[in-house]
Each structure stands twice: as structure tokens, then as C-alpha cells.
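Biologist: I have a model open and some labels I want to test. Take me through the reasoning behind each one.

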Amino acid sequence: MNTMTKIDEVAAGGSRARISTISAWGAARYLFLLPYLLIFFAFVVYPIAYGISLGSNPDTYADLFADPIFRIAAFNTVVFVLVAVNIKMLLALLISGFFLNEQRWIKALGLIFILAWAVPSISTIFSIKWMLNPEWGMLNSFLFNQFQIMGPSWLTERWLAFGSAVVVHIWKYLPFWTLILLAGRMTIPGELYEAANVDGASAWQRFRFITLPSIGLLYVSATTLSMIWTLGDFNSIYLLTGGGPADRTQVLATLGMRYLRMDRVDMAIAAVIVAMPFIVPMMWFMMKYLSKESRT
């Protein structure tokens, strides 16, 4: 009995030692996380909370909604997102099929194609701005020299300037989404297309019954994410037109800069916050759609 009692006491002491060791490691784990939590709160939580506090005054939103430039920016934002995203994703879907070819010259062309996305926005968009200069820009000079046509004022007329910004956005970000959809196409088993060819399926039938069902989830999620990113695209408008002429090409992403120049920080923050009701539902839809598809 005495021997068994001693054995039980030793075992109990060992269990308590292991429990205390595990508890010590558990406490140390949270200490290791502490620096990351501090950084997260300092650079994420605090700026967001401070920005919301700056834009929490109802009078700020009254001034914002009364500003005619805000209404123009809101309208431009809707048009910008709908037109740019639909054209961009449709082109990306079509061009991704072209780059599936194995020819060397197509691979070389793909490297050139991706440069538009890889090169920084400042240099590329400023180059396009120089090309569209109505007096000495390359495009108008070409029209005059070759066809004796006086080119339009691309960046001083509202809809020409806005359309140019849409084209620049599509040109800039089309390669990225083409790569995403190309990666999705490359995961489709080639045997499916071979079987469809044996059955005499046309190119449209192969696209409709094999390609689209296979990358449908990817296309929907990519389109939704593209809408979120396009809604916040600052460079395509600001670097090309600066919001002009006369603030007629402003969008919500650039409107904040206008208010900052007016020393209205509260309205600049409010111009960003009013876009959240559009962003949050898209994020919710994307996450819900992805989680639903992952369970099936």
C-alpha cells in the first residue's frame, strides 16, 4: 500500500508539472502574439476608428449630399464600375482562351501583354496623358499628319475625358484578370475537350458546356472582387484627368482629394464612408457564394 501510494503521488506530481508547463506555454503563446496585435491595432483598428469618428457628424453628410460635385461623382462611379468591370471581365474571358495556345510567339506576346499591369501606374498613365494632349500629343499628331483631321480635346471635354479614364482602367487591369482566368482554364482536364471533339461539338458548345461550368465560380468571384477594386480605383481618374474638367470626371475614390484641398477632412472621410454600403454587400455575397460552393 505504501508503495502504491508513493507511485500515485509521483504520478500526480508529474501530471501537475505537465499541466503547469502547458499553462506556461499557453501564456507565452499570447505574449508572442502581443507585438502583432499591437501593430494591428495601431495601423488598422485605430485609423479606421479615427476615420469613422471624423465622419460621424450628421451635418457633414448634409453638406456632402448638398454638394453638386458629390452627385456627379456618385453618378460617375456607378457608370465607371458597371462599364469598366463588364467590358474588362468579358475581354479577360475571351483573351484567356487565346493565350492557351502553345505557340512561342503567343507566349512572347503574353509577356508584352502583362507589362501594362506590371509597370507602375504613374509612369504608364502619365505617358497616356501625354499621348492624349490635344496640341502636341502623339494621337492628335498622328490624326493630323495621316488624315488631316483635327483631333478632339481628349481630356478637356467631360465625356471624352471620362471615357478615356475608363479605357485606361481596362487597359491597366485587363492583364491581371486575364491571368486569373487563364489559370482557371488551365485546370480544366484536356480529356473533356478531346471527348467533345470526338462527339463533334463546336467551339461554342465546348465553351458553353465545358469552359463556363468549369470556371463559373472563378469568374463570379473575380468579377465581384474586380467591382470592389474598381470602386476604389484612384489612379485611373486622378493621374489622367485630376477629376477635371471642372470636377466633371470625379468619382468617389478621387472626391476625397478634392475635399482635402478644401481643408474639409470630415467630408473627405464621409466621401469614403458613403461607398461602404456598396462594398460590404459585395464582400458578403462573394464570401457566401464561395462558402456555398466549397460545401458542394
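Biologist: What makes Y46 count as exposed?

Modeller: This is a predicted model, and Y46 has a computed relative accessibility of 53%. Exposed means over 50%. Y46 is therefore exposed.

Biologist: Why does Y50 count as partly exposed?

Modeller: The value for Y50 is 44%. Partly exposed runs between 20% and 50%, so Y50 is partly exposed. Y46 and Y50 both sit in helix α1, 4 residues apart, or about one turn of the helix.

Biologist: How many aromatic pairs are there?

Modeller: The count is 17 aromatic pairs. Y46 and Y50 make up a stacked pair.

Biologist: Why is the pair of Y46 and Y50 called stacked?

Modeller: The ring centres of Y46 and Y50 are 6.0 Å apart, with 15° between the planes. A pair needs centres within 6.5 Å, and stacked needs planes under 30 degrees apart. Both conditions hold, so the pair of Y46 and Y50 is stacked.

Biologist: And why is the pair of W130 and W136 called tilted?

Modeller: W130 and W136 are 6.4 Å apart, centre to centre, with 45° between the planes. Stacked is under 30 degrees, edge-to-face is over 60, and the rest are tilted. So this pair is tilted. W130 is partly exposed at 43%, and W136 is partly exposed at 48%. Elsewhere, F98, F99, W105 and F113 form one aromatic cluster.

Biologist: What makes L33 eligible for a surface patch?

Modeller: L33 has a relative accessible area of 42%. A patch residue needs over 30%, so L33 clears that bar. L33 lies in helix α1, residues 2–54. Its nonpolar patch also includes Y36, F40, V44 and I52. Together the patch members have about 1,100 Å² of accessible area.

Biologist: Why is H169 called buried?

Modeller: H169 has a relative accessible area of 2%. Buried means under 20%. H169 is therefore buried.

Biologist: Which residues is H169 in contact with, leaving aside neighbours within four places in sequence?

Modeller: H169, in helix α7, is in contact with F80, A84, K88, T230, D233 and S236.

Biologist: Which residues touch the most other members of the largest nonpolar core?

Modeller: L64, F70, L255 and Y259 do, in a core of 35 residues. Seven helices are listed as supplying at least two residues each, including α2 (58–66), α7 (158–186) and α13 (276–295). The largest share, 9 residues, comes from α3. L255 touches I69, F70, A73, Q250 and A271, not counting residues up to four places away in sequence.

Biologist: What does the second core include?

Modeller: The second core is separate and has 16 residues, including F162, I170, L239 and V251.

Biologist: How much of the protein chain counts as buried?

Modeller: Of its 296 residues, 33% count as buried. The protein chain exposes about 18,500 Å², and carbon and sulfur atoms supply 71% of that area.

Biologist: What makes up the secondary structure of the protein chain?

Modeller: There are 13 helices and 0 strands.

Biologist: How large a share of contacts comes from residues 24 or more positions apart?

Modeller: Such residues account for 72% of the contacts in the protein chain with a separation of 6 or more.

How values were computed
Residues numbered from 1 in each chain as written. Predicted model: local features only at pLDDT ≥ 70, side-chain atom pairs only at ≥ 80, totals over all residues. Heavy atoms only, no water. Patch = residues over 30% accessible without salt bridge, like charges linked within 9 Å, V, L, I, M, F, W, Y side chains within 5 Å. Areas by Shrake-Rupley, 256 points an atom, 1.4 Å probe, with all protein chains shown as cover. Salt bridge = Lys/Arg side-chain N within 4 Å of Asp/Glu carboxyl O. Buried < 20%, exposed > 50% of the residue type's maximum accessible area, 1.4 Å probe, protein only. Contact = heavy atoms within 4.5 Å. Core = buried A, V, L, I, M, F, W, Y, C linked by side-chain atoms within 4.5 Å.
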